[in-house]
Structures are given as C-alpha cells and as structure tokens.
Amino acid sequence: MTKTIIKGGRVLTMTDGAKEKRADILIENGRIADIAPDITADAEVIDATDDIVIPGFVDTHRHVWQTQLRTVATDWSLFDYFVEMRLSYSTFYTAEDAYLGNYVGALEALDAGITTLVDHCHILNTPEHAEEAARGLQDSGMRAIFCYGTFPNEPRVPMEVPDDPGWRHKTARELRAHRLSDSRGLVRFGFAPSEAEAMPFEELAAEIKLARELDAGAISLHAAMGSYAFDAHIVENLKKEGLLGPDLLFVHGSAFTDLELDLIRETGAGISATPETELQMGMGFPVAHRAHAHGVRTGLGIDIVSNYSGDMFLPMRLALQSTRALHNAEFEARKRAPAVIEPKAESVLRMATIGGAEAINMQKEIGTLEKGKSADIAIISTDAIHMTPSFDPVGALVMNARPSDISTVLVNGKVVKRDGKLTGVDWPALRSRFAASANRIMEGFRTVDITATAEATRPIMPHLE
Ligand SMILES: [Zn+2]
C-alpha cells in the first residue's frame, strides 16, 4: 500500500507561524496529497489522536562521524576540540568507523524527529572513508546533504592513502559521479571546504568553484567564530571575488557584521547557528535571531555530538533563552524590568523546521506540511508526565518535549520510527559493533602526546589566553 493517513493529530503545518489545526494528512507515493479534517481513503492509518504533528526537524550542521565519541568534549574549548578531535581522535578512524559513526548518528537524529541532516563530514582519511560515511547516511533512511570535507587529516595508523596529492578533489568527483549522482535523491552531494577562514583565500575560492562545478546541494563553511575570528570578514572577501551565492551555508557566524548579514541576505545564502557550541566554546553570541532579523535564511544545528545530545530541543531552547537573557539585560542595565518577553518560542520552532529548509534551499520540498511536499513528518506524543497537559503545542515542543516523546517519524512517506521504536534496527547487535569501534578509537587516542600536539597547534590561534 502506498497510501497512508495520519489521523486526528494537532497539526502545525508551519506555513502560517505555528498555528494548530485538527486535520488528517494523506500521504501518497512519498508526498503529502492532502491535509484536511476527516479524510477517508483506502490507506494505512496512523492514529495521531492527541499527538502533535509537525514537519520533521532540519539539522543544518552536524559532524555525524563523531557519534561514537560521545561525552569526550564536555569541558572543551574550541582549541581543545581542534587538538583532540580534529588532530587526534580523527587520525585513528577507519572507513568502518566512519560508516558506523554516520549510520548510528543518523539513526539518533531520526529517533529525535530530525528528518533532514546536513553532514559536514571532515573525517575523510582515505577515499574509502568518503564512500563509507555517505553509505552510512544512505543506510539509515535519512534525508541528508553529505558535505564532502577536504580537511587534510593525517592518519596516525597505516591506511591506504593515495600518493596523488590531488586525491581529495578526485575522490569528490568520483563520489558525485557514482554513489551521490542523484541531485534529487534522499542523500545528496554537498561540499565542505577545508577550513574557510584558516585556508589561503585562493584555495577556498578554488574549492567553492569545484563544489559549484559538481553542483553541490550546499557548501558548508565554518565562519565568523566570535573571538576566534575577529577580523576574518570572509563574507566581504567572498563578495569582492563574486563568490557569494545561495548555495553557501555559513555555520556559527556570531562575529558577522550587519553589513555581512545584509550581503548574505541579498545573495540568498543561509546561516546555521549552533547555539550550544557558540555558548560553550567562546565563539560569540548565537547569531540566530540577529540573522533572522536581518532577513537571512536561518536554521539551527547541533554540531558536536561528541559533546551534547543530538536532538533539536536543546538548540531551540538555548537559542531562545540566551536571546531572551540578552534582551532582558538591556532593561536591567537601565534599572528597568521587561513587561514583555522577546523573542517568542515560535521563532525557534520555525528555525528548526522551515528556517533550516530555507537555509539549504530545500524549502520547496520540505520544512512545512503542505500539499505536494515530501512527507517528512514527526509525530510527538503528549502522554508522558512532562507533556501533560499540553495546552500550547509550541510550548510543549520548545520547552518540554524530549526525543522519547517522538512516537513516529516518516521520511519521504516511509515510516522510520513507529510507536517509539526505530524500524528495521537491531540496536543490541549494532550497539556492540559500535562500542567496539569507539573503544578501538579511544585506545589509539591514548597513545597520542596531547601536550606536544597542543604546543604545535597553539600558533594558529593567536588570540588564545
Ligand atoms: Zn562544525
């Protein structure tokens, strides 16, 4: 049967803010065929009585490969992250580890109601890593843009690294031509230049041009990372060279000037704010609401799953409450008290759905529940103690919900989580394979002289104190 009806839910289509309406959703061949009360059809029925139904979340920035290093980054600065994650842990990743990180990480996201993921994948130690990391996303059933990362990782254990210094670009072409050849497929090709602000500008320009030649779905760039990038002005430089465009996705962006935000808006590029990373790592204040106020296409991202949870609930709340704190502090500074709290919770629910879709130019396909769009849907139960009662569905989603409340998830009309359980996943068996991978990487990491690696790395971050 190719028809499904989601019956009786409290539907937030996200087309007119986050207004609730009682409706059924008819799904045919992966698409939303109708949204109306009391639809009858010969179809599989998913009972959503009392549940909240929303478009699946869009996570616009995650390094999915780090999933099996959960909890190692709890107290890290960006410097620690660079030294330990990017220059140490990563160097022990085999292609199998990259597969497992991406496969399990995508399952974690689906479990939390995320149906689209932008994977900024900078674990490509060998060409096989690229194949395997992309395959991990494909096997999960997730909709994703696999952003092929060109960061020059140097493995510390023997691996089959090609002698040709140009292998990273060659492998990108091969991946695009074969595994990710479908520009409209569930997992699409994207690009992640090495490190936008740290690499020579000519190299960045060449990588952006290569990404465009390969018709990358998104070009993911870490940029304007607060105190780590006071004077980078990457957007102004890209503007001068005529390289700005709607395919660019700027990640973090706390240090963007108003002029840069205006330039981003004018060219239709997107921003992914990752509030938890920015707040923890001294990367400036999350830009989400400031970018949105400038009219920029703004989404939220989770970023570092080796540190925090892989769901959209916390980034929504952190973006919201930190911005409210800033707003309230303006009153406090004048010895006044705010009579009205800004911004409203609806703003972050928007960023986590249609805002994210806009940031990656997929708003015509996903991000809202509308006739003709892909049936990427999350159904959230309100049965749990912490969800009872749920008078206001926005308050329930932004302030109270947890991944365990996500009962059912569909991607492209296919049920990937049903009644609280991922479909087709034998977690106990997968878990032992995943844990073995994690333990082996950890064993390798323990042989690294971190003090020496840190000393060698310090000069590239001149503002460190
Ligand atoms: Zn990142």
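The following is an exchange between a colleague and a modeller about a predicted model.

Colleague: Which residues coordinate the zinc ion, and at what distances?

Modeller: In sequence, the donor residues of the zinc ion follow the spacing H-x1-H-x158-H-x80-D. Three of the donor atoms are NE2, and the fourth is OD of the aspartate. The residues are H61, H63, H222 and D303, at 2.1 to 2.6 Å.

Colleague: Is the arrangement of the four donor atoms around the zinc ion tetrahedral or irregular?

Modeller: Four donors count as tetrahedral if all angles lie between 85 and 135 degrees. Here the angles subtended at the zinc ion run from 81 to 176°, so the arrangement is irregular.

Colleague: Where in the chain do H222 and D303 lie, and how many residues apart are they?

Modeller: H222 is in strand β10 (residues 219–223). D303 is in the loop between β13 (297–300) and α10 (313–333). The pair links distant parts of the chain, with a separation of 81 residues.

Colleague: Is H222 buried or exposed, and is D303 buried or exposed?

Modeller: Buried means under 20% relative accessible area. H222 has 7% relative accessibility and therefore counts as buried. D303 is at 2%, so D303 also counts as buried.

Colleague: Which residues touch the most other members of the largest nonpolar core?

Modeller: Nonpolar side chains tend to be buried together in soluble globular proteins. In this model the largest nonpolar core has 119 residues, and helix α2 (residues 95–111) supplies the largest share, nine residues. Another core, of 16 residues, lies apart from it and includes I25 and V415. In the largest core, the members with the most contacts to other members are F146, L238, F250, F256 and L349.

Colleague: Why is there no bond between the sulfurs of C147 and C121?

Modeller: A disulfide requires two cysteine sulfur atoms within 2.5 Å, and the structure holds zero disulfides. C121 is buried at 0% relative accessible area, and C147 is also buried at 0%. The closest cysteine sulfur to that of C147 is in C121, too far for a bond because the distance is 9.3 Å.

Colleague: How many bridges join β6 to strand β7?

Modeller: Six of the six residues of strand β6 (residues 57–62) are buried, so β6 is largely enclosed by the rest of the structure. F57 has I114 in β7 as its bridge partner. β6 and β7 (residues 114–121) run parallel, and the number of bridges joining them is four.

Colleague: What is the length of the polar contact between the side chains of R176 and S183?

Modeller: R176 lies in helix α4 (residues 167–177). R176 counts as buried because its relative accessibility is 11%. Its side chain makes a polar contact with that of S183, at 2.7 Å.

Colleague: Which residues are joined to P343 and P389 by a cis peptide bond?

Modeller: Most peptide bonds are trans. P343 lies in the loop between α10 and α11 (345–359), and P389 lies in the loop between β14 (377–380) and α12 (393–400). The cis bond to P343, with omega near -5°, comes from E342. For P389, where omega is about -5°, the residue is T388.

Colleague: What is phi of T71, and what is phi of H233?

Modeller: Most residues other than glycine have a negative phi. T71 is in the loop between β6 and α1 (78–86) and counts as exposed because its relative accessibility is 55%. H233 is in the loop between β10 and α6 (234–240), and at 31% H233 counts as partly exposed. Both values are positive: T71 is near 85°, and H233 is near 45°.

Conventions:
Residues numbered from 1 in each chain as written. Predicted model: local features only at pLDDT ≥ 70, side-chain atom pairs only at ≥ 80, totals over all residues. Heavy atoms only, no water. Core = buried A, V, L, I, M, F, W, Y, C linked by side-chain atoms within 4.5 Å. Buried < 20%, exposed > 50% of the residue type's maximum accessible area, 1.4 Å probe, protein only. Helix = DSSP H or I, 4+ residues; strand = E, 2+ residues; numbered from the N terminus. Donors = N, O, S within 2.8 Å, 3.2 Å for Na, K, Ca; no water. Tetrahedral: all angles 85-135°; square planar, octahedral: opposite > 155°, others 65-115°. Pairing = 2+ DSSP bridges. Polar contact = N/O pair within 3.5 Å; in protein donor to acceptor, adjacent residues only side chain to side chain.
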